[in-house]
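This report looks at how a bound ligand is held by its protein, and then at one strand pairing elsewhere in the account.

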Amino acid sequence: MRDKKIVLSESEMPKQWYNINSDLPKPLDPPLHPQTGKPLSPEDLAPLFPMGLIEQEVSTERFIDIPEQILDIYSMWRPTPLVRAQRLEQYLDTPAKIFFKNESVSPPGSHKPNTAVAQAYYNKVEGIRKLSTETGAGQWGSALAFACNMLGIDLNVFMVRVSYDQKPYRKVMMKVWGADVFASPSELTESGKNILAQDPDSTGSLGIAISEAVEQAVKDEKVHYSLGSVLNHVLLHQTVIGLETKKQMEKAGLYPDILIGCVGGGSNFAGLAFPFVLDKLNGKDIRLIAVEPIACPTLTKGPYAYDYGDTAKMAPIVKMYSLGHDFVPAPIHSGGLRYHGMAPQVSLLHNEKIIEAIALPQNPVFEASVIFAKTEGIIPAPETSHAIKAAIDEALKCKENKEEKTIVFNFSGHGHFDLSSYQNYLEGNLEDYEYPDEKIKEALDKLPKV
Ligand SMILES: *Cc1c(COP(=O)(O)O)cnc(C)c1O
């Protein structure tokens, strides 16, 4: 039972990020300007992002150096442990080896500070003193609040109304780290006011909150915008997860047969999986599985098409799997995997059949979550539980087929601020809401004509 954690020393922390752009089987379709429909230029992005990040967005260098100051802050919690879930294996009575990469050990409790710290850093070195962003359940907002605090810059967070009201503790966390938090839709922006004029009781959505945060950055040249997932540079920063995992697997004398991550915008999955994609392209037999909720089945049911990144059509139009920029998730669903689109890099790899995707209903996901909490001790974020359920299902297949596979999943975050969802689950109040096919057809009609 002992020695089940594979740890790296601080000196073994990756000093470079891995850039999948260098190895994609074909180039990404260019992002388009939301008003003109023409390919975006770096100048179009300059009101929103620092040049350091814009360069990373389009770079095709395979490895990009991680600046010293970022490594310094990473070392507060990195390298993160890769843990063999032996008690879970025993419970399942499976011959499979199950490992999880524990990203919940960061101060905000998820993988998100891997990019938050990098984004705050590149803004800071270019003289930006304030960022604006959106947050759904509050994980991204709290990660960026932590990062801005470490780097000494200000932060405005537009928090989706339903979470603002239902998840007060993440809001407090952001405030402790010094951020200003507003419920979205808000009266602070034109996009917010427009939505409130149509629907004063709007519970908000990520798409609306993105519009508000982008608008603030566009209107004030001293403010930049920051996005917690989807974009190439975000996925790039997350690759420290997979690069560490590779070293840890080597230490264990193993190579994974299956990698699993939950997907909202795609960043934690990409962070784990991308460093292994090149191996797969070179012929390695490895399955890469992205797991989403049936309430927001972007990869499994959405079309692969150009769509707006946000509801107010201010963010770029990108080629991705999408449920439509007007998508509003069912309030009955608890997880934070609610963005209407999917990272273009993850979308392309799915379209090329290099990665797989599955969609799961939330009650079985919570059941898996509770099994994990009871065996391995940590209470997972509901998003993370999607990966856990998929890992358990794969481990049970191994049992049936008497196969000793190595399964690695990304433990993207803990659920200490999601206990109301657990309460709803335990009291039997969660519904296995499936996003209706008609809605997907409706959304198709509203895709931009490009
Ligand atoms: C934000 C979040 C996710 C989903 O976002 P991705 O960009 O798809 O990783 C998953 N798990 C946790 C814990 C999160 O905070």
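A polar contact is taken here as a pair of N or O atoms within 3.5 Å. The model under discussion is predicted, and by this cut-off the ligand makes polar contacts with the residues in the table below.

| Residue | Protein atom | Ligand atom | Distance |
|---|---|---|---|
| Gly-264 | backbone N or O | oxygen | 2.7 Å |
| Gly-265 | polar backbone atom | oxygen | 3.1 Å |
| Ser-412 | side-chain N or O | nitrogen | 2.8 Å |

Taken alone, the ligand exposes 380 Å², and the protein buries 95% of that area. The elements that contribute two or more residues to the shell around the ligand are α13, spanning 267–281, and α17, spanning 382–401.

The shell as a whole comprises 18 residues, the closest being Lys-112, Ser-229, Gly-264, Ser-267 and Asn-268. Sorted by class, these surroundings consist of four nonpolar, 12 polar and two charged residues. At least three residues of the shell come from domain 1 (4–9 + 67–109 + 234–444), and at least three likewise come from domain 2 (20–51 + 110–232).

Turning to the strands, how many of the five residues of strand β12 (residues 304–308) are buried? Four of them are, so β12 is largely enclosed by the rest of the structure. Strand β12 pairs with strand β13 (residues 317–321) in the antiparallel sense, over five bridges, and within this pairing Tyr-306 stands opposite Lys-319 of β13.

Technical notes. Residues numbered from 1 in each chain as written. Predicted model: local features only at pLDDT ≥ 70, side-chain atom pairs only at ≥ 80, totals over all residues. Heavy atoms only, no water. Near = heavy atom within 4 Å. Polar contact = N/O pair within 3.5 Å; in protein donor to acceptor, adjacent residues only side chain to side chain. Areas by Shrake-Rupley, 256 points an atom, 1.4 Å probe, with all protein chains shown as cover. Helix = DSSP H or I, 4+ residues; strand = E, 2+ residues; numbered from the N terminus. Nonpolar A, V, L, I, M, F, W, Y, C, P; charged D, E, K, R; others polar. Domains from an automatic or database assignment. Buried < 20%, exposed > 50% of the residue type's maximum accessible area, 1.4 Å probe, protein only. Pairing = 2+ DSSP bridges.
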